[in-house]
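Subject: Structure for your review

Dear colleague,

Please find below the structure that I am handing over to you, together with its sequence. I would be grateful if you could look it over before reading the notes that come after it.

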Amino acid sequence: MNIKTFATQQELDNHAAQIFANLLQSKPNAVLGLATGSTPIGLYNALVQLYKNNEVSFKQAYTFNLDEYIGITPDNPQSYSYFMHEQLFNHIDLPAEHIHLLDGTASDAKEECQRFEEKLTEKPLDIQLLGLGHNGHIAFNEPAEALSAKTHIVKLDEKTLQANARFFASIDEVPKHAMTMGIASIMKAKHILMLVRGADKAAIVKQALQGPITTQVPASLLQLHANVTVLLDEEAGRMLD
Ligand code: F6R
């Protein structure tokens, strides 16, 4: 694991953006796995800036997003589809037909997960961006005795509902179910790039990166991947050896 710590958010975001830019320069049709949440917003801003400066193009690239809530429409501001368009897709030259998002309104969510997984098999991920949940989740793979390999439906953990309630009027409005890439869908990516910020994540960063490998901390499984880069701010990294 390649772990790097940054003094400022700007440096962390720029470094992450440069990793994407370098990949797109060497492989313009790269397949990019993307994430939502607060953590990647600065990175997406930095990528939009690189695009505006003509330093990077997404014209031939493909994207897949990790997850989506079940039961909310893509035009709902709380949907991950809406988030991705607002933060990134609306501001770059990525063709709409190159975007792969899970459809939270699909009439058959199980079938939707299968469709998505098949697309992922056709277009293997060159890089997968991840954030880290306070409970150690990656995408919506929540701590459990057993984890699922492929894209699947999940019931969200109480801790995740509480963490995500900040984006909704009340916790009751947070959807209870989501679709998410599975552990194997993520681990098949050639490169995994995890970004983590803030003192509130320091303990879980320590467990995920240096603790035992356990399905109770899904991110600890990343220790088994040969090409993982973790970018941290000083607060998030303060408990590491
Ligand atoms: C988002 C996702 C989640 C987040 C995680 C951290 O697509 O899959 O696993 O990466 O919950 O969220 P933030 O960045 O908001 O702390």
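The notes below go from the overall fold to the sheet, the annotated sites, the ligand and some individual residues.

Overall fold

Please bear in mind that this is a predicted model. The protein contains 7 helices and 10 strands. Its radius of gyration is 17 Å, close to the 18 Å that the globule rule gives for 241 residues, so the protein is as compact as a globular protein of that length. The C-alpha trace spans about 50 × 45 × 35 Å along its principal axes. Of the 241 residues, 44% count as buried. Among contacts between residues at least 6 apart in sequence, 79% join residues at least 24 apart.

According to the unreviewed UniProt entry, residues 9-227 are covered by the annotation "domain: Glucosamine/galactosamine-6-phosphate isomerase". Over those residues the chain is 33% helix and 14% strand, and the end C-alpha atoms lie 23 Å apart.

The sheet

Seven strands form an open sheet with parallel pairing, in the order 1-10-9-6-2-3-5. Strand 1 (2-6) and strand 5 (99-100) stand at its edges with a single partner strand each, so one side of each has no neighbour in the sheet.

Strand 6 (127-130) has partners on both sides in this order: strand 9 and strand 2. With strand 2 (residues 31-34), strand 6 pairs in the parallel sense over 2 bridges, and L32 stands opposite I127 there. With strand 9 (residues 191-196), strand 6 also pairs in the parallel sense, over 4 bridges; here Q128 stands opposite I192. As for the side chains of strand 6, I127 and L129 point one way, Q128 and L130 point the other way, and all are buried.

Strand 2 is in turn joined to strand 3 (residues 62-65) by 4 bridges, and these two strands run parallel. L32 stands opposite T63 in strand 3, in addition to facing I127 in strand 6.

The annotated active site

The "active site" annotation in the unreviewed UniProt entry covers D67, N135, H137 and E142. Two of these residues are described here in more detail. N135 is placed in the loop between strand 6 and strand 7 (152-155), and E142 is found in that loop as well.

Are these two residues buried or exposed? N135 has 17 C-beta neighbours inside 10 Å and therefore counts as partly exposed. E142 has 23 other C-beta atoms within 10 Å and is therefore buried.

Not counting residues up to four places away in sequence, N135 touches E142, P143, D157, K159 and T160. On that same basis, E142 touches N135, H137, V154, L156, D157 and T160. D157 and T160 thus appear in the contacts of N135 and in those of E142. The contacts of E142 also include two other residues of the annotation, N135 and H137.

The ligand

The ligand has 14 residues around it, of which T36, G37, S38, T39 and G131 come nearest. By class, this shell consists of 6 nonpolar, 7 polar and 1 charged residues.

Residues with positive phi

Most residues other than glycine have a negative phi. N54 has a positive phi of about 60° although it is not a glycine. N54 lies in the loop between helix 2 (41-52) and strand 3, and with 7 C-beta neighbours inside 10 Å it counts as exposed.

A139 likewise has a positive phi, near 50°. A139 is in the loop between strand 6 and strand 7, where N135 and E142 are also located. With 26 C-beta neighbours inside 10 Å, A139 counts as buried.

The segment after strand 10

G237 belongs to the segment after strand 10 (228-233). G237 is buried, with 21 other C-beta atoms within 10 Å. Leaving aside neighbours within four places in sequence, G237 is in contact with T5, V205 and L232. How far apart are the C-alpha atoms of G237 and H137? They are separated by 17 Å, while the two residues lie 100 residues apart along the chain.

With kind regards

Methods. Residues are numbered from 1 along each chain as its sequence is written. This is a predicted model: local features need pLDDT of at least 70, side-chain atom pairs count only at pLDDT 80 or more; totals for chains, interfaces and linings use all residues. The radius of gyration is taken over C-alpha atoms; the globule rule is 2.2 Å times the number of residues to the power 0.38. A residue is buried if 20 or more other C-beta atoms lie within 10 Å of its own, exposed if 12 or fewer, and partly exposed in between; C-beta atoms are placed from the backbone. Two residues are in contact if their C-beta atoms, placed from the backbone, lie within 7 Å. UniProt positions are given in the numbering used here, feature names are shortened, and annotations may be inferred rather than shown by experiment. A residue is near a molecule or strand if its C-beta atom, placed from the backbone, lies within 6 Å of it. Ala, Val, Leu, Ile, Met, Phe, Trp, Tyr, Cys and Pro count as nonpolar, Asp, Glu, Lys and Arg as charged, and the others, Gly among them, as polar. Two strands pair if DSSP finds at least two bridges between them.
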